[in-house]
Amino acid sequence: MTNNKYVLSWIDEMAAMTQPDKIVWIDGSEAQAEALRAEACSTGEMIKLNQEILPNCYLHRTAINDVARVEGRTFICTPTKEEAGNINNWMAPDEMYAKLKALYTGSMKGRTMYVIPYSMGVVGSDFAKYGIELTDSIYVVLNMLIMTRVGTNVLEALGDSPDYIKGLHARADIDEENRYITHFPQDNTIMSVNSGYGGNVLLGKKCFALRIASYLGRKEGWMAEHMLILGVEYPNGDIKYVTAAFPSACGKTNLAMLIPPKMLQEKGYKVWCVGDDIAWLRVNKEDGKLYAVNPENGFFGVAPGTNDKSNPNALATTMRDTIFTNVVHDTKNNTVWWEGLNDNPPAPGNAIDWKGNPWDCTKYDKKDKSTCGAHPNSRFTALAQNCPCISSEFNSLKGVPVSAIVFGGRRAKTAPLVYQSTSWQNGAFVGSIMASETTAAAAGAVGVVRRDPMAMRPFVGYNMGDYWAHWLAMGTKIPNPPKIFHVNWFRTDDEGHFIWPGFGDNMRVLLWILDRCEGKVDADITPIGYVPKAEDINIEGLDITLDTIKELLTVDKESWLADVENIKEFYAQVGDAVPQTMYDELAALEARLKA
Ligand code: GTP
Ligand code: SPV
Ligand code: MN
């Protein structure tokens, strides 16, 4: 399929090491994809679902020990430890290559190696970057066909160039003790072994489009961020674009596909989804604004909690051409189910849980995750083009102009519903002090507050302090920068219930944010930044009082001062590379809180 000598010699080398029985090139054709689906069903790797209800949909279950990203086993392998920084795991490249070689050698014996040429971004566009993933998993091939742009046209666009990202994935024994997700930024190389799950193995996603791309972005003067991109359409037809960075499983997919509250719909407001997980951002030379593209081609979204009220657009997107991973199999209807889909789980006898065992929904206890039918991090892989609210700019070559950048996390207390930073520099600081309760998207404890700067803690491919410096430097390169905000949909009352209704009603906050960008609404200045006047958040049609909004907007100095102490510890942990500007911002925040 190609004469590119860099590609061919690398594949020869990887094949000599992994020793597959055969090598199959993925050409992006439907005929080849269909044959692979049939093969995966014949071996039990996938289950073909009811084709009348869920056309071209399949179910897959991963190994029980392999259900989320593994941050503890994810490495940035730069020549020096300083380049990777203290927040990443680091190993010297030679040492890691040697360790991996032992794990990969002969790992594809008796198996097929698939060669997947793919593009992140529209093939041929200024934003696009190319990759080749070698894998011995049909599940990975079929997911990559949805999540990225795959095919011979990628090889044509690459031509004779060595400028592509090499990715090698082998399932090996799915052995947790020998699972490694490794990145060699200087070698444009990603190597993943002993996993078969999502972010660990779909190498175009977190490994390339965030970790390697953030490294390239710093070198080349652009940004790769863990951000959704959406367009708010006004009744007069104007569309304003917003990007938002929330940590894993904190609401990006939901916000990106938001359906406005009825009274706003009636006035003519709409929201269009450009992306739900990753944004690549570049300065446009013509108008000096920051432009965003979504480099992906599909959604790898959280299934639990997705329903026709919380996110009808996501649900509709999954009704065809979708791969479901680790959800409940309804064997009577040959369909799928997950917690929060509806109140009609399949009856005992007709239900197989994510582990492949019979599941009794009557034993389900909300407080005991081990009784779940679907894994809390179960996911759907669905085509962006099947989303009812996909933006007409989804395939745009130049991207969309960004008016506002929004940071956010899960904070039961402390962070108000929304606030605005006072400048790009202060906004970058707000990003650097983000914190959120951990979720099931990564292995480890759930619900523990940890600092997650820019929602990128697990995804920066170099030193976190240098990444902050890059954010600050970008501010000086954007003549018309977006305004930067912070939101929190997750404040709880004394009983632990969410106070803010969230989901579609988040539109009310988006409108305040965009009004601020246009200078159309006033705000109160507080020690942390600009906070709305409560009456400027539209609560028409909501079962909420102005006092509740006031409560959601309070800035409690004591809890913020406690946070400042925690931030100091975190900055110390990030280490020497933290820019002095961030320390200055932190000192100024502390002084304002104490004033
Ligand atoms: P990744 O794909 O892991 O990067 O996550 P994501 O940020 O796209 O997360 P997603 O939108 O799938 O949100 C996951 C969880 O957040 C689900 O449990 C949702 O129900 C919940 N969620 C999303 N939006 C809101 C909201 O506005 N309020 C509340 N209370 N929960 C929300
Ligand atoms: C996340 O964890 O932020 C995801 C899912 O978007 S994964 O692709 O597994 O990283
Ligand atoms: Mn994500």
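Which residues have the most contacts inside the largest nonpolar core? In this predicted model, they are Trp280, Phe407, Trp468, Trp471, Trp500 and Tyr571. The core they sit in has 165 residues. There is also a second core, separate from that one, with 29 residues. Met91, Met108, Met113 and Tyr180 are among its members.

Let's step back to the chain as a whole. Its secondary structure adds up to 17 helices and 30 strands. How compact is the chain for its length? The radius of gyration is 23 Å, and the globule rule gives 25 Å for 595 residues; the two values are close, so the chain is as compact as a globular protein of that length. If you draw a box around the C-alpha atoms along the principal axes, you get roughly 70 × 55 × 45 Å.

What about burial and surface? Of the 595 residues, 60% count as buried. The accessible surface of the chain is about 22,700 Å², and carbon and sulfur atoms account for 48% of that. The contacts tell you how the chain is put together: take those between residues at least 6 apart in sequence, and 71% of them join residues at least 24 apart.

Now zoom in on one small piece, an open sheet of 3 strands. Strands of a sheet pair through backbone hydrogen bonds, either parallel or antiparallel. Here the pairing is antiparallel, and the order is S21-S20-S22. Strand S21 (335–337) and strand S22 (351–352) are the edge strands, each pairing on one side only. Strand S20 covers residues 328–330, and 3 bridges join S20 to S21. To find your way across that pair, look for Val328, which stands opposite Trp337 in S21.

Last stop: the cysteines. How many disulfides does a search of the whole structure find? The count is 0. Cys387 is in no disulfide, and the nearest cysteine sulfur, that of Cys389, is 3.5 Å away. Why is there no bond for Cys389? A disulfide is a covalent bond between the sulfur atoms of two cysteines. The cut-off used here is 2.5 Å between the sulfurs. The closest cysteine sulfur to that of Cys389 belongs to Cys387 and lies 3.5 Å off, so it is too far for a bond. Are these two cysteines buried or exposed? Cys387 has 3% relative accessibility, so it counts as buried. Cys389 has 5% and therefore counts as buried too.

Technical notes. Residues are numbered from 1 along each chain as its sequence is written. Chains are lettered from A and ligands numbered from 1 in the order in which they are written. This is a predicted model: local features need pLDDT of at least 70, side-chain atom pairs count only at pLDDT 80 or more; totals for chains, interfaces and linings use all residues. Side-chain values use heavy atoms; hydrogens and water are left out. Buried means under 20% relative accessible area, exposed over 50%, partly exposed in between (1.4 Å probe, protein chains only). A nonpolar core is a set of buried Ala, Val, Leu, Ile, Met, Phe, Trp, Tyr and Cys residues joined through side-chain atoms within 4.5 Å. Helices (H or I, at least four residues) and strands (E, at least two) are DSSP runs, numbered from the N terminus. The radius of gyration is taken over C-alpha atoms; the globule rule is 2.2 Å times the number of residues to the power 0.38. Contact means heavy atoms within 4.5 Å. Accessible areas come from the Shrake-Rupley method with a 1.4 Å probe; for residues, only the protein chains shown count as cover. Two strands pair if DSSP finds at least two bridges between them.
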